[in-house]
Amino acid sequence: MSLTGTSFLYTLIALAVVALTLPLMLWSRLHGPRIVRTAARVLMLLFAQGTAVALVFVLVNNQNNLYDNWADLLGTGDHVQQAANLGADGTGGIALKRLPRVRQQFTPLSDGVRETQLKGRVSGVNAEVYVWLPPQYGKPAYRHHRFPVVELLPGYPGSAKAWFGSLHAEKQLRPLMRDGRVAPFILVAPRTNLLAGVDTGCANIPGTVNADSWLSVDVPKMVMDNFRAESGPAGWAVAGYSAGAHCAVKLAVAHPDRYRAAVSMSGYNDPIGERNSLAAQSLRLRMANNPYLLLRGARTPPRIALYVSGQPGDGYEAGVALEQVAKAPTTVHVVYIPKSAGGHNMALWRPQVVPAFEWLTQQLGLSTATLRAPSTAGSTHAALASGTASRAAAVRRP
């Protein structure tokens, strides 16, 4: 029975009702020795408490998309087939353009989201990837058009489906794409929970995991081989919340040849921000995967744009630090979120989706006029203009 399935939820609801009814009906009707009656009553109470706790957990899990399945919950899932030493650029010296095209089969899910199981030829990761196509993608007028892409990363623990589930990204963005306020991005959500019981930190660690190469090499190649997606960094961005926010900024800073922009919601710079992160296990790994240090030490400032939102003590200071060390052409847009907006949860991040994507539309240089009458060349830069960027619960940094 699926952990996130409707049947499991209804089963728990039924068991909770039974667990509540049993003591009411049987408490004073039990017969036999006192020790037997006491034991039976204790068991009924434990049963009631156990079903209540399980039901609350499932409701919270379904609301926040923390665990996809039993393997994730129990810490028995492993999606890493091999983790070779791939070098500084994460390719292992492989000429990516010479690799055979990746042909994938996709299973339609709800709201236009489709799923595929991808075997990463470079990273050695075997995991699911979810893809959503914008409203314009299937229209005849856009049959030669190549679309910009945003990779979506969840927190830890977190499900790759969270952006389509708890954050309702496609539901929020679809009407804005139709109206011209947001560019028609292809949304791609790859699994980031690759090893049991730990956060990979989106890092490449030889012999353990090549999470960076999975996200920045294998997943983009699959998308470009199966969809009309932009092939250069000018049409690619990455966005995340919490641990996924750290990963988004780190990937953009480390690979400006693959991404032009990144969105961070309640993220951090030092991997120690998630103590279960593999990238936090040594000082060397922490330094190698800290976007602040990478940006500060870059000989040539990368041509990237960063959108960093956060509350005091939860992402805001990380954004300010990045802004202070950034040098042109790197730009950092810091958004201050007041404490009154809520805590470190989906309710805080959900209203930030629209302003973040409006910002992405601007940063990738997309324009309205040409998208409504696209050329057959299909350049990404003939896309949508952004509307006036709303700030939801956020306000500009003071």
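Nine aromatic pairs, given as 9 in the count for this structure, are held within the predicted model. One of these pairs is formed by Tyr 316 and Tyr 336, whose rings meet in an edge-to-face arrangement, with 5.2 Å from centre to centre and 85 degrees between the planes. The pair links distant parts of the chain, since Tyr 316 belongs to helix H9 (residues 316-325) and Tyr 336 to strand E11 (residues 331-336), the two tyrosines being 20 residues apart. With respect to solvent, Tyr 316 has a relative accessibility of 15% and therefore counts as buried, the limit for that class being under 20%. Tyr 336, in contrast, has a relative accessibility of 21% and so counts as partly exposed.

A further aromatic feature is a cluster made up of Phe 106, Tyr 137, Tyr 142, Phe 147 and Phe 227. Tyr 137, a member of this cluster, also has a charged residue over its ring, as Arg 228 lies over the face of Tyr 137 at 4.1 Å from the ring centre.

As regards the overall fold, the secondary structure of the protein chain comprises 12 helices and 12 strands. The chain has 398 residues, of which 51% count as buried, and its accessible surface amounts to about 17500 Å², with 57% of that area belonging to carbon and sulfur atoms. Among contacts in the protein chain with a separation of 6 or more, 73% are accounted for by residues 24 or more positions apart.

Definitions and conventions
Residues numbered from 1 in each chain as written. Predicted model: local features only at pLDDT ≥ 70, side-chain atom pairs only at ≥ 80, totals over all residues. Heavy atoms only, no water. Helix = DSSP H or I, 4+ residues; strand = E, 2+ residues; numbered from the N terminus. Buried < 20%, exposed > 50% of the residue type's maximum accessible area, 1.4 Å probe, protein only. Contact = heavy atoms within 4.5 Å. Areas by Shrake-Rupley, 256 points an atom, 1.4 Å probe, with all protein chains shown as cover. Phe/Tyr/Trp six-rings, centres within 6.5 Å; stacked < 30°, edge-to-face > 60°. Lys NZ or Arg CZ within 6 Å of the ring centre and 35° of its normal.
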